[in-house]
Amino acid sequence: MGSIQLSPVIRWTPDLREVSGALLRTRIDSLVATYDDDVVRRAISYLYTRETLASFEIEHERPARTRAERFIALLREAPSIERLNEMTLTRLQNALVDPRFTDEG
């Protein structure tokens, strides 16, 4: 079990409220624009890979390469997901699990 000290909490301070939403997106976009596209792609790929390995490590799993690749593909898809509902979550889950364990909901 983790402790409360390890649980990140974001407090909506006045500074954070000031940069939330569209303004935050604008600032992020302008920062990313200062880097070469290839550098950004490589950084994203590295972070997705590290996140994938860390997620499986937390579960004490050693995934097959294809399963890790599917997980990374789903991470790449995440920004385009407009709404998390049962159908979307089921599709994401089914993309990761062994076909024997897929479900309809």
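Which side chains meet in a salt bridge at 3.7 Å, N to O? I looked this up first and found Arg-42 and Asp-38, where I take a salt bridge to be a side-chain nitrogen of Lys or Arg within 4 Å of a carboxyl oxygen of Asp or Glu.

Before going on, I noted that this is a predicted model, in which local features need pLDDT of at least 70, side-chain atom pairs count only at pLDDT 80 or more, and totals for chains, interfaces and linings use all residues. I also noted that residues are numbered from 1 along each chain as its sequence is written, and that side-chain values use heavy atoms, with hydrogens and water left out.

**Entry on helix α3.** I placed Arg-42 and Asp-38 in helix α3, which covers residues 37–58, and they sit 4 residues apart, about one turn of the helix. Helices here are DSSP runs (H or I, at least four residues), numbered from the N terminus. I read Arg-42 as exposed, because its relative accessible area is 55%, while Asp-38 is partly exposed with 34%. For these words I used the following cut-offs: buried is under 20% relative accessible area, exposed is over 50%, and partly exposed is in between (1.4 Å probe, protein chains only).

**Entry on helix α2.** I then turned to Arg-25, which forms a salt bridge with Asp-29, their closest N and O atoms being 3.0 Å apart. Both residues lie in helix α2, again 4 residues apart, about one turn of the helix. Arg-25 counts as partly exposed because its relative accessible area is 48%, and Asp-29 is also partly exposed, at 39%.

In helix α2, residues 22–32, I also found Leu-24, which counts as partly exposed because its relative accessibility is 35%. Leu-24 joins Ile-28 and Val-32 in a nonpolar surface patch of about 200 Å². Such a patch takes residues with over 30% relative accessible area and no salt bridge, joining nonpolar side chains (Val, Leu, Ile, Met, Phe, Trp, Tyr) within 5 Å and like charges within 9 Å; the areas come from the Shrake-Rupley method with a 1.4 Å probe, and for residues only the protein chains shown count as cover.

**Entry on helices α4 and α5.** My last pair was Arg-91 and Glu-77, whose salt bridge has its closest N and O atoms 2.6 Å apart. This pair links distant parts of the chain, with Arg-91 in helix α5 (residues 86–96) and Glu-77 in helix α4 (residues 65–77), 14 residues apart. Arg-91 is partly exposed at 40% relative accessibility, and Glu-77 is partly exposed at 23%.

**Closing count.** By the salt-bridge rule I arrived at a count of 6.

Methods
Helices (H or I, at least four residues) and strands (E, at least two) are DSSP runs, numbered from the N terminus.
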